[in-house]
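Here's a walk through one chain, with an eye on its charged side chains. Take a look at the model first, then we'll go through it together.

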Amino acid sequence: MNLSEHFTLQEFTRTENRDLLQANIDIATSDAAIHGKLTRVAKELLEPIRGLFMRPIHITSGFRHPALNARVGGSPTSQHRLGEAADFVISGYDTQEKQVEAVLRIAKELPGLQWGQLLVEAGCIHISLGSKREIAYYDVPTKTKRAFTL
């Protein structure tokens, strides 16, 4: 099921935790609010980013069922639980240095994008719905953030 031109619901719900895969898919498919938010993430955030870089984007984490979120060590208040966030890698931007470069480019060249968090973390870029516009490097092991300045 497509959420936008280049992104599918399957990309936002996949997990290596097979025992939680079907529950993750079922909730994201049947909960209209979550499905709507995932569609917004795909259309309003990821499609413009894909257009800016003109490269494929691989989603590493999208919607997370609460049990899946706990299993992967996600925050209990993670926007992934609400379908409001995605972690992704842009093709060719798979090093930390390149991801920092990409985050700064997104912030500078897509000023109309309405995001809450735009973070470099654990080998990927995290983006969420919102208007806070926090740009940072998030160190997963220490759970600390270092803000970027433009």
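Which residues does glutamate 121 touch, not counting residues up to four places away in sequence? They are Asp87, His126, Tyr138 and Val140, where a contact means heavy atoms within 4.5 Å.

Some ground rules before going on. This is a predicted model, with residues numbered from 1 along each chain as its sequence is written. Local features need pLDDT of at least 70, side-chain atom pairs count only at pLDDT 80 or more, totals for chains, interfaces and linings use all residues, and side-chain values use heavy atoms, with hydrogens and water left out.

Now zoom out. The chain has five helices and six strands, taken as DSSP runs numbered from the N terminus (H or I, at least four residues, for helices; E, at least two, for strands). In order from the N terminus, that reads α-α-α-β-α-β-α-β-β-β-β. Of the contacts between residues at least 6 apart in sequence, 56% join residues at least 24 apart. Buried residues account for 47% of the 150 residues; buried means under 20% relative accessible area, exposed over 50%, and partly exposed in between (1.4 Å probe, protein chains only).

Back to glutamate 121, which sits in strand 3 (residues 115-121). Glutamate 121 is buried yet has no salt bridge, that is, no side-chain nitrogen of Lys or Arg within 4 Å of a carboxyl oxygen of Asp or Glu. The nearest side chain of opposite charge is arginine 64, 5.7 Å away; for charges, Lys and Arg count as positive and Asp and Glu as negative, while His and the chain ends are not counted.

Arginine 64 does have a partner: aspartate 87, with the closest N and O atoms 3.5 Å apart. Aspartate 87 is in strand 2 and arginine 64 in the loop between strand 1 (57-61) and helix 4, so this salt bridge ties together parts 23 residues apart in sequence. Both ends are buried, aspartate 87 at 5% and arginine 64 at 12%.

The count comes to eight salt bridges. One of them joins glutamate 84 to lysine 37, at 3.1 Å between the closest N and O atoms. Glutamate 84 lies in the loop between helix 4 (66-71) and strand 2 (85-90), and lysine 37 in helix 3 (residues 32-53), so the pair links parts 47 residues apart in sequence. Glutamate 84 is buried at 15%, whereas lysine 37 is partly exposed at 26%.
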